[in-house]
Amino acid sequence: MELSLEQKFQEKIDRDERIEPRDWMPDSYRKTLVRQISQHAHSELVGMLPEGNWISRAPSLRRKLGLMAKVQDEAGHGLYLYSAAETLGVERDTMFDQLHSGKAKYSSIFNYPTLTWADIGAIGWLVDGAAIMNQVPLCRCSYGPYARAMVRVCKEESFHQRQGFEIMLTLCQGTPEQKAMAQDALNRWWWPSLMMFGPNDAESPNTKQSMAWNIKRFSNDELRQRFVDMTVPQAELLGIKIPDPDLKLNEETGNYHFGAINWDEFWQVVKGHGPCNKDRLAARVKAHEEGAWVREAAMAYAEKQENRLNKAKTA
Ligand code: BYC
């Protein structure tokens, strides 16, 4: 019996083969990829804002250079991801419109404020740490352009995570005030970092299908648990305390049991009512508007180059 296009597609996925832009794919596969990749791209762009805020106040030239490089890397990640989404037939301007009008989602984590320098360390350590945990499996995502973009993103995120941990270590080995600053940053960033992985599996509408399509390789709860297990010993090494009275090692499984996440807070932030949602969106729109001349100049240059090439061809 002749297999349907959809059956052939699923067989290809089940053989762990890659899907490429020109291959046939179900509309719902295309749609969920555009959703996830564009949200991811938006997160990279908005993620530049809480950190960019500290470039001018970094405590030394070395720290300033490191932070500038990290923020630039994030702009680059956004570009790889928008390009990957474009291969699915969605225009970049459409994605920007969705972000700037507040319709699109981006990671909840970037709606929290960066109050002290230690927050830059905590973001690198925890937020990039969570991002790596979530994104390394995406290097094996069934959609080729997304998987390939993630390989480079993950290499750079891993550097960011080490940089953040080193900032935390320096503070924790410094004066009592510096160590207190590191503890305060951990207190404020711990729970939002756990929320980055998304709702519990039972409440996650997209996970089951995304796993059947090999877009996601692990569920939200599995990745969250791995992140906790990886991070608790790192906090011990730093000598600071994770703000969870229920955190306890399960000797049998080797996993840490952790306390309940405040899902009301998560959904409030996702729906636009977090501490910084309005500021972040306004800053992003302003940056986009103020960058219009750069885009126009780049387009004018590209057109000129193309005309020159065409003239040379016909000469
Ligand atoms: N924040 O069914 P679910 C970074 C939404 S950037 C906001 O589990 P899915 C970095 C979700 O979109 C970090 N919304 O969805 C940058 C869905 O809504 P829609 C970003 C969230 O897609 C700079 C609904 O809740 N990383 O690394 O199966 C500096 C139900 O969720 C969040 C990525 O984007 C959230 N935290 O799983 C440093 C990685 N969680 O779309 C670091 C790629 C869930 O149905 N993305 N929602 O309206 C993913 O892996 C997945 O999309 C998620 C969610 C795990 C995030």
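A polar contact is a pair of N or O atoms within 3.5 Å. The structure described here is a predicted model, and this report uses that cut-off to look at how its ligand is held by the protein side chains.

**Contacts with the ligand**

A polar side-chain atom of Q135 lies 3.1 Å from an oxygen atom of the ligand, and that distance falls within the 3.5 Å limit, so the pair counts as a polar contact. The table lists this pair together with two others of the kind.

| Side chain | Ligand atom | Distance |
|---|---|---|
| R35 | oxygen | 2.9 Å |
| N134 | oxygen | 3.1 Å |
| Q135 | oxygen | 3.1 Å |

Taken alone, the ligand exposes 1000 Å², and 91% of that area is buried by the protein. The ligand sits in the largest pocket.

**The shell around the ligand**

The ligand is surrounded by 34 residues. The closest of them are Q39, K105, S204, K216 and N220. Sorted by class, the shell has 14 nonpolar residues, 13 polar residues and seven charged residues.

Four helices each supply at least two residues of this shell: α2 (27-52), α5 (117-135), α6 (144-172) and α10 (263-273). Which helix gives the largest share of the shell? That helix is α2, with six residues.

**Three residues in their surroundings**

S204, one of the closest residues to the ligand, is also joined to T207 by a polar contact of 2.5 Å between the two side chains. T207 is found in helix α8, which covers residues 207-212. Is T207 buried or exposed? T207 has a relative accessible area of 7%, and because buried means under 20%, T207 is buried.

P205 lies in the loop between α7 (176-195) and α8. With a relative accessible area of 70%, P205 is exposed, because the cut-off for that class is over 50%. The C-alpha atom of P205 is separated by 27 Å from that of Y80, and the two residues are 125 residues apart along the chain.

A235 has its place in helix α9, which covers residues 220-238. The relative accessibility of A235 is 1%, so A235 counts as buried. Along the chain, A235 and L169 are 66 residues apart, while their C-alpha atoms are separated by 9.7 Å.

Notes
Residues are numbered from 1 along each chain as its sequence is written. This is a predicted model: local features need pLDDT of at least 70, side-chain atom pairs count only at pLDDT 80 or more; totals for chains, interfaces and linings use all residues. Side-chain values use heavy atoms; hydrogens and water are left out. A residue is near a molecule or strand if one of its heavy atoms lies within 4 Å of it. A polar contact is a pair of N or O atoms within 3.5 Å; within protein, one must be able to donate a hydrogen and the other to accept it, and residues adjacent in sequence count only if both atoms are side-chain atoms. Accessible areas come from the Shrake-Rupley method with a 1.4 Å probe; for residues, only the protein chains shown count as cover. On a 1 Å grid over the protein atoms alone, a cavity is a set of points where a 1.4 Å probe fits but cannot get out, and a pocket is an open set with protein on both sides within 12 Å along at least five of seven lines; lining residues have an atom within 4 Å of a point. A molecule sits in a cavity or pocket if more than half of its atoms lie within 2 Å of its grid points. Ala, Val, Leu, Ile, Met, Phe, Trp, Tyr, Cys and Pro count as nonpolar, Asp, Glu, Lys and Arg as charged, and the others, Gly among them, as polar. Buried means under 20% relative accessible area, exposed over 50%, partly exposed in between (1.4 Å probe, protein chains only).
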